[in-house]
Each structure stands twice: as structure tokens, then as C-alpha cells.
Amino acid sequence: IADGDAMCVLADADAVGSIEASWSGMTERPVLTIGRAGALYTGDASETAFGTASEDNVAIIQYTSGSTRAPRGVALSEGNIISNISAIAELFELTEKSRAFVWLPPYHDMGLIGGVLTPAYIGFPVRMMSPLDFLKDPSSWLFQISESGATVSGGPNFSYDLVTRKFREDGRELDLSNWQVAFNGAEPVRLKTMDGFSRRFARYGFRSEAFLPCYGLAEATLLVSGGRVRPGGAHEDRV
């Protein structure tokens with residue numbers, strides 16, 4: 001908040017109380033809340049002017065993970081975001097006919113750029129689930145993919161390993177045959193994990209060639225490179 005000189009904080013109405021306590025100690029700027037109907041409330045009659053769209057405008061300041069040094073703010077322009085979304089759409093072969101399911105947190109670049117902004121910009125539906133719900137019940141990820149007919153979903157390598165170990169049938173139908181892109185990134189990708197997942201869920205229609213290992217980082221908006229396994233084991237690298 002202090003480093004980015006934030007103008008306001010946008011929060012769910014139910015979370016305002018806990019946020020205001022820490023926010024008020026840093027700045028007098030307002031807390032904006034979203035009501036259940038999606039309306040925006042500012043607590044006063046003031047309005048914020050956001051300006052007009054331009055590829056040179058700074059859209060967001062995205063912070064690095066801080067895994068090797070203190071987190072740094074990366075100023076992403078609207079042009080940066082659009083360019084990266086276009087690269088994601090090309091690599092993942094996304095169209096308006098795609099359907100996504102995402103449990104990734106929207107405060108992470110994979111969740112925000114890949115899970116929220118990419119579907120919005122390309123124009124296809126996305127169903128979202130809290131990452132806490134995924135951790136409580138990893139199987140729900142796959143059942144949601146099946147129920148929604150999602151063609152694209154994914155997460156870090158650990159998520160595939162976790163659901164392989166924790167999956168339990170509960171009588172519901174599980175059909176993963178529509179899952180065309182299973183991206184795997186945000187941490188080291190393990191071939192053992194992907195092989196184990198493919199064997200475990202082949203009976204439900206999952207195809208190993210759906211896996212798309214990828215690499216990204218905040219400094220590049222999101223996607224840097226990725227590759228896709230094709231039928232017969234051939235591996236196609238694309239950047």
C-alpha cells in the first residue's frame with residue numbers, strides 16, 4: 001500500500017471491517033466496497049475519474065513474489081496486458097468457444113491475468129472457486145470441470161499431485177473429456193506428477209496431451225514460454 005501509493009482499496013463488503021483497521025493506519029484514502037448486487041459504494045458522494053483507455057496507461061502495479069528479494073512493483077501498461085493475453089490465447093488455443101474453470105487466487109498473476117482478464121478480454125465464460133475450497137476438497141476442482149464442461153483449467157504442479165492423492169469418488173459423474181488445456185506452472189513442473197495424474201484420470205476421459213507446462217513471472221505480466229505434448233509423445237515448444 002505504501003510503496004504503490006494506492007488511491008483506495010476495493011473489497012467485498014463483508015471484508016471491510018478487517019481491512020479498514022490496517023488501511024486507516026496508512027492513509028486517509030477511501031475504502032471502496034462492492035455490495036452483493038455488484039454496486040460500488042464509496043462511503044461518500046465523491047467520484048473517481050479513471051481516464052480513457054490507452055496502451056501506454058499504467059493499468060496495474062503487480063508485485064513480484066519476494067522469493068529471492070523484497071517484492072518489487074512492476075508497472076504494467078494496458079498494452080503489456082493485452083499483448084500477454086494475446087500470447088496466452090495463441091499458446092493455449094483459446095477462442096470465444098472456450099470455457100474455463102479457475103480456483104487460482106486473483107491476487108496472483110496466474111489467477112488475475114490468466115484466470116480473470118484473459119477470459120474477459122477474449123470473451124468466453126469462466127467459473128471461479130475460492131482457493132481455500134480447493135485446498136479443503138481437491139476433488140471439487142475436477143467435479144467442477146466436469147459439471148461446467150470447462151476446456152481450460154490448471155494450476156501449480158502441487159495441485160495435480162494433491163488431487164491425484166486425495167481424489168475420492170462420491171457418486172457424481174466425472175467426465176474430463178472436454179478438458180483440452182491443463183496448464184501447469186508457477187513452480188517446478190514434475191514429469192512424475194503429470195504421468196501419475198494422466199494414469200489416474202484416463203478412465204474419466206483425461207488425455208495426457210492436454211498438459212501444457214508453462215513458465216511466467218510478474219516482470220513479464222504473466223506468460224513467458226510454454227510447450228505442449230502432442231499425441232505420440234512429441235513435444236512442441238512455443239514462446
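Is F201 buried or exposed in this model? F201 is buried, with a relative accessible area of 0%, where buried means under 20% relative accessible area, exposed means over 50%, and partly exposed is what lies in between, computed with a 1.4 Å probe on protein chains only. Before I go on, a word on conventions: this is a predicted model, in which local features need pLDDT of at least 70 and side-chain atom pairs count only at pLDDT 80 or more, whereas totals for chains, interfaces and linings use all residues. Residues are numbered from 1 along each chain as its sequence is written, and side-chain values use heavy atoms, with hydrogens and water left out.

Let me stay with F201 for a moment and turn to its ring. A search of the whole structure finds 21 aromatic pairs; rings of Phe, Tyr and Trp (for Trp, the six-membered ring) pair if their centres lie within 6.5 Å, and planes under 30 degrees apart count as stacked, over 60 as edge-to-face and the rest as tilted. The rings of F167 and F201 have centres 5.2 Å apart and planes at 80 degrees, so this pair is edge-to-face. F167 lies in the loop between α6 and β9 while F201 belongs to helix α7, so the pair ties together parts that are 34 residues apart in sequence. Helices (H or I, at least four residues) and strands (E, at least two) are DSSP runs, numbered from the N terminus. F167, at 2% relative accessibility, counts as buried. The ring of F167 also pairs with that of Y204, with centres 5.8 Å apart and planes at 65 degrees, so this pair too is edge-to-face. Y204 sits in the loop between α7 and β10, so the pair with F167 links parts 37 residues apart in sequence, and Y204 counts as buried at 11% relative accessibility.

The ring of F201 also has a charge over it: the charged end of R200 sits 5.4 Å from the ring centre, the criterion being NZ of Lys or CZ of Arg within 6 Å of the ring centre and within 35 degrees of the ring normal. In a similar way, R172 lies over the face of F143, at 4.0 Å from the ring centre.

Now to the core. In soluble globular proteins, nonpolar side chains tend to be buried together. Here the largest nonpolar core, meaning a set of buried Ala, Val, Leu, Ile, Met, Phe, Trp, Tyr and Cys residues joined through side-chain atoms within 4.5 Å, has 47 residues, and those with the most contacts inside it are F92, W141, L142, W179 and F201. Helix α2 (residues 78–92) gives the largest share of this core, six residues. Leaving aside neighbours within four places in sequence, W179 is in contact (heavy atoms within 4.5 Å) with residues including W141, L142, Y160 and F197.

W141 brings us to helix α5, which is mostly covered, with eight of its 10 residues buried. The buried residues of α5 pack against β6 (100–102), β7, α4, β8, α6 and α7. Just after α5, G149 takes a positive phi of about 70 degrees.

Two buried serines deserve a careful look. S159, in helix α6 (residues 157–166), counts as buried at 0% relative accessibility, and a polar atom of its side chain lies 2.6 Å from the backbone oxygen of P156. S153, in strand β8, is likewise buried, with a relative accessible area of 0%, and a polar atom of its side chain lies 2.7 Å from the backbone oxygen of F101.

Finally, the charged pairs. There are four salt bridges, each defined as a side-chain nitrogen of Lys or Arg within 4 Å of a carboxyl oxygen of Asp or Glu. One of them joins E219 and R72 at 3.3 Å, N to O, and this pair links distant parts of the chain, 147 residues apart. Another joins E147 and R127 at 3.0 Å, N to O; E147 lies in helix α5 and R127 in strand β7, so the pair ties together parts that are 20 residues apart in sequence. E147 is exposed, with a relative accessible area of 57%, whereas R127 counts as partly exposed at 31%. R172 and D170 also meet in a salt bridge, at 2.9 Å, N to O.

Note on methods
Polar contact = N/O pair within 3.5 Å; in protein donor to acceptor, adjacent residues only side chain to side chain.
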